[in-house]
Each structure stands twice: as structure tokens, then as C-alpha cells.
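Colleague: Could you take a close look at one part of this model for me, and then tell me how its surroundings fit in?

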Amino acid sequence: MQKLTVNLWMQGNAEEAGQFYASALPQARTEIESRYPTEGLLDFQQPFAGKALTVSLWVRETKITMINAGGEFSPNPSISIILCFNADDRASLESTWTALMEGGSALMPLDSYPFSARYGWVTDKYGVSWQLMESDEPVAVAEPVIPSLMFGGEAQNRAAEAIEFYGQVLGAQLDSAFPYGQATESATAEALMFAQFTLGDDCVAAMDSAVPQDVSFTPGVSLEWPCADQAEIDRIWQALSAVPEAEACGWLTDRFGVSWQIVPENMGELMERPDAFEHMLSMKKLVIDEF
């Protein structure tokens, strides 16, 4: 069962993006999950009164959340999304690539590579990055969307450290790791060319960038982690939060620069309470009893 959710910061166009992805991606659908209230908003939120707040996108039954907000942040390739395709479903891979390239740009052209007979890395017109990969292994319809963390910039060569840290805090389990073996322009020989780990039942990929990067993690793509109770929220918040000025409304930034949303499992129910949105705006760490 999915626990980790990728959240995309959209610049006022989450509904439009949802419709685009529903047509561009395999086995995809979208719907408005929540709306901004009409009262109790901060000044910069007033233009969004009554409009969509979160738009849900399901790709192969894995949920991605798009947050309808302003121009403060935008996605970048430091966190991309991997989609695998069966070798006998190359037509679907090709059509998905063509759709995502509409107004987008290729970071790695769709081609044959040593690790995949058909692979490409594209940033779409909304700034979201996708890695499309043909796999020799069978891919189920419910194959999860795999977030991929690229450690570059100030986080360069810290992928292994991050996986170990997430293991201590969130119970991450390392599945596989492949070091570069020899130094590259920016990666050490011990740095990770590719690694895969699990958080609960969710698969996550990580790598250290082989070349210098001018982008790194931002709230443009964040990772949402639900907690069973206040004690779990308190523990994880204390362990993960490393940038006090970034704490707001359940959001935090960890020691590697990755943005997280640490929320109660029943967040949807809590937000139905009177004035819940206004109460949330006053919090840094979310406190269930204060909704």
C-alpha cells in the first residue's frame, strides 16, 4: 500500500496540468482533491479563494499530488519520476515521450543505453522531470511511480549518507547500490551511480550526479509522509528538520535540502473541521489537537 506521496508545486495551473498528465501518461486519471477556502487566507493566497488547492493524479494507481500555488517555487530535475515499461509495450513508452516533449525538453534523448534498450529523461512544459525506461522485467499495471533523488550541488556525493539517514528515521531499506567505481567530473569513486531503497512498500531511487549541477532540492518537489499519531509526527519532525526558517504548515527541509511534508494519516478528515485551513497556517509542525 502506498505511503510516500510525491507532491509537485504548480504555479496556479494544477488543474490544467492534471488534465494534461491524464492524457499523456499511462493508465492515468485526475481529480480535484481539495479547494482553498473563501475566508481566512493570507494576503498572497487571496487570488486562489475557492479555487483548487490540491489536484490528485493517479498513474498506474500510484498517487501524485499537485499543489496549486504561486510562483515561489517550481519543480526541477533534482527529483524526477521514473516510469518503467515492458519491452513489448514500446509503443506506449514512445507515445508518452512524445506527449511529454510537447513544450518540454530532453535531458537525455530517447535512445538505447547500456542500462536500457529504450530510455529517455525529459522535463515537461510544467518543469516536472520524468525518466521513461524500458525494462526486461515484467511491469505490472500497478507498478509504482518511482521518485528519483539526484544529489548534486551542495548535496553532491551524499546519496549513500541520505539513504542511511532515512533508514534511521523512516525505516528505509537499501535494496541495491552501484557506485561509480572511478571518479567523474563531480562524483567520487565511492559515490552512487544508482541506488534503490524502499520506504514502507514504496520504491525510491537515488543517485549522485556525475556532472556539476546548478540545481538542487527545493520545495518545488516535496515528499509527503503520513504519521499515525502526534508522537510519530514529533519524532520524525525532530529528526528530519534541519532548516528552521523553512518550517511552515507541516513542511520542513532536511539536512540534504529535500523538502518533506510530515502530516497526520487523517489529514483529509482534519481539514474538514471548521477553520482548519486557518489553523494550519498558524502552525509549523502540525499539531493534531490544534486543528
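Modeller: Here is a walk through one helix, followed by its partner, a second helix and a few single residues.

A word on the ground rules: this is a predicted model, so local features need pLDDT of at least 70 and side-chain atom pairs count only at pLDDT 80 or more, while totals for chains, interfaces and linings use all residues. Residues are numbered from 1 along each chain as its sequence is written, and side-chain values use heavy atoms, with hydrogens and water left out.

The helix I'd pick is α2, residues 90-100. Helices here are DSSP runs of H or I with at least four residues, strands are E runs of at least two, and both are numbered from the N terminus. Which residues of α2 are buried? They are Ser92, Leu93, Thr96, Trp97, Ala99 and Leu100. Buried means under 20% relative accessible area, exposed means over 50%, and partly exposed is in between, using a 1.4 Å probe and protein chains only. Looking down the axis of α2, those buried residues fall within an arc of 165°, so they line one face of the helix. That arc is taken from the directions from the helix axis to the C-beta atoms. As a general point, an α-helix has 3.6 residues a turn, so residues three or four places apart point the same way. On the other side of α2 you'll find Ala91 and Thr98, both exposed.

What sits over the buried side? The cover on α2 includes α1, β5 (79-86), β6 (105-113), β7 (116-123) and β8. Contact, here and below, means heavy atoms within 4.5 Å.

Let's take the partner helix. α1 covers residues 14-24, and its axis runs 9 Å from that of α2 at an angle of about 155°. The axes are lines fitted to C-alpha atoms, for helices over the stretch in contact, and angles run from 0 to 180 degrees between N-to-C directions. The two helices are therefore roughly antiparallel to each other, a label for angles over 145 degrees (under 35 is roughly parallel, 65 to 115 roughly perpendicular and the rest oblique). In the contact itself, Phe20, Tyr21 and Ala24 of α1 meet Thr96, Ala99 and Leu100 of α2. By class, that makes five nonpolar residues, one polar and no charged ones. The classes go like this: Ala, Val, Leu, Ile, Met, Phe, Trp, Tyr, Cys and Pro are nonpolar, Asp, Glu, Lys and Arg are charged, and the others, Gly among them, are polar.

Two residues let you zoom in around these helices. Ser135 is in β8 (129-135), one of the strands covering α2. Ser135 is buried at 17% relative accessible area, and beyond four places in sequence it touches Cys84, Phe85, Asn86 and Ala87. Gln27 lies in the loop between α1 and β2 and is partly exposed, with a relative accessible area of 43%. Its phi is positive, about 45°, although Gln27 is not a glycine. In general, most residues other than glycine have a negative phi.

For a second helix, try α4 (230-240), where Gln230, Glu232, Ile233, Ile236, Trp237 and Leu240 are buried. They span an arc of only 155° around the axis, which puts them on the same side of α4. Facing away from that side are the exposed Ala231 and Gln238. The cover on α4 includes α3 (159-170), β13 (221-227), β14 (251-253) and β15 (259-264).

Last stop, Ile64 in strand β4 (62-69). Ile64 is buried, at 1% relative accessible area. Val6 is 58 residues away from Ile64 in sequence, yet their C-alpha atoms are 5.2 Å apart. Among the contacts of Ile64 beyond four places in sequence are Val6, Leu8, Val55, Ile81 and Trp130.
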